[in-house]
Amino acid sequence: MRIEGKANSPLFVLSCFRQGFKLLVSSELRRYLMIPLLVNLVLYGGAFALSYYYIEQLINEFIPAWLHWLNWILWPVIFICFSVAVYFSFTVLANILASPFYGKLAAKTAKILTGETTEVADAPMAKAMLAELDRAGYLALRFGPSLLLFVIPGVNLLAPVIWGVLGAWGMALEFFAYPLENRGILFGGQKQLAKKTRLGSLSFGAITLLGLTLPLLNILMPPWSVIAATVYWHRLNLEDCPAQQ
């Protein structure tokens, strides 16, 4: 299958989010958003409280007294890493809980984009949640070893950048999954497609990750990203893509 060059354009990704926002606030998708938004409100509220109350304590314990003069540079570095870890973890948890509803949201979005009027069928909850756990395991195997980067002198200066890239990649895989699974493309095929559109995937994930770190916006960001991902793959030609990979 040939992926069009525009798939790797950050501007194309932004246009998908712009179109996705118009669909997000449309009446046609309203009933598919209520439960995911409620899940996000509870979980991201908890993530924000955790960040607010514990990050300063964590930083003070992490930075020895003789390095306090470097607080001006170490504080933002640790804040970025902590935010990526917290919001990524809460996103995975929120997606596990809301995955059956996100699958329906992606399916309904696709029907709007294609002009179809048939009703969206209920996705098996167990299957949706198992797929989400499979992705979570894949990402945990990559985030876990990357923690060692923070204790290697010299390399630890690049650790926040590496974590940011990993976070963006993880977010792309998380939200691309819903429209692609509705097309019959399993996790192995999803990874292949994401690798073929690596710059587009990282751009998509970076926008999502940034939105998840912003209070209030982070409640809307997951369903918005599901819709934007559906728009992204709809606007690319996937008709010749094998259904099972």
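The following questions and answers set computed values for this predicted model against their definitions.

Q: How do you know which residues and atoms count in this model?
A: Residues are numbered from 1 along each chain as its sequence is written, and side-chain values use heavy atoms, with hydrogens and water left out. The model is predicted: local features need pLDDT of at least 70, side-chain atom pairs count only at pLDDT 80 or more, and totals for chains, interfaces and linings use all residues.

Q: What makes up the elements of the chain, helices or strands?
A: Helices and strands are DSSP runs numbered from the N terminus: H or I over at least four residues for a helix, E over at least two for a strand. The chain has eight helices and zero strands. From the N terminus the order is α-α-α-α-α-α-α-α.

Q: How do you know where the predictor is confident among the elements?
A: By pLDDT, the predictor's confidence in each residue, from 0 to 100. The chain mean is 78, and 64% of residues reach 70 or more. Helix H1 (residues 10-24) has the highest mean of the elements, 96, and helix H4 (residues 125-146) the lowest, 69. Over residues 239-245 the pLDDT is below 50. That stretch still has 14 contacts in the model beyond near neighbours in sequence; a contact means heavy atoms within 4.5 Å. Where pLDDT is low, the predicted coordinates should not be read in detail.

Q: Why is Phe-176 with Phe-204 called a tilted aromatic pair?
A: Rings of Phe, Tyr and Trp (its six-membered ring) pair if their centres lie within 6.5 Å; planes under 30 degrees apart are stacked, over 60 edge-to-face, the rest tilted. The centres of Phe-176 and Phe-204 are 4.8 Å apart, with 50 degrees between the planes. The distance makes them a pair and the angle makes the pair tilted.

Q: What makes this pair a tie between parts of the chain?
A: Phe-176 lies in helix H5 (residues 159-182) and Phe-204 in helix H7 (residues 198-212), so the pair ties together parts 28 residues apart in sequence.

Q: Which residues do ring pairs link into a cluster with Phe-176 and Phe-204?
A: The other members are Phe-12, Phe-17, Phe-21, Trp-224, Tyr-232 and Trp-233. The whole structure holds ten aromatic pairs.

Q: Why are Phe-176 and Phe-204 classed as they are, buried or exposed?
A: Buried means under 20% relative accessible area, exposed over 50%, partly exposed in between (1.4 Å probe, protein chains only). Phe-176 has 2%, so it is buried. Phe-204 has 0%, so it is buried too. Across the chain, buried residues make up 47% of the 245 residues.

Q: Why is Leu-14 classed as it is, buried or partly exposed?
A: Leu-14 has a relative accessible area of 42%, so it is partly exposed. It lies in helix H1. The buried residues of H1 include Phe-12, Val-13, Cys-16 and Phe-17.

Q: What makes the span of H1 close to the one expected?
A: The expected span is 1.5 Å times one less than the number of residues. H1 has 15 residues and reaches 21 Å from its first C-alpha to its last, close to the 21 Å expected.

Q: What makes a set of residues a nonpolar core, and which members touch the most others?
A: A nonpolar core is a set of buried Ala, Val, Leu, Ile, Met, Phe, Trp, Tyr and Cys residues joined through side-chain atoms within 4.5 Å. The largest has 40 residues, and Leu-105, Phe-176, Phe-204 and Tyr-232 touch the most other members. H1, H2 (34-62), H3 (71-114), H5, H7 and H8 (217-234) each supply at least two residues. H8 gives the most, with nine. A second, separate core of six residues includes Leu-139, Leu-173, Phe-187 and Ala-194.

Q: How do you know whether Ala-106 is buried or exposed, and what does it touch?
A: Its relative accessibility is 1%, so Ala-106 counts as buried. Ala-106 lies in helix H3. Not counting residues up to four places away in sequence, Ala-106 touches Tyr-178, Pro-179, Asn-182, Val-226 and Thr-230.

Q: Why are Gly-164 and Ala-206 classed as they are, buried or partly exposed?
A: Gly-164 is at 24%, so it counts as partly exposed. Ala-206 is at 38%, so it is partly exposed. Gly-164 lies in helix H5 and Ala-206 in helix H7. They are 42 residues apart in sequence and 8.0 Å apart in space, C-alpha to C-alpha.
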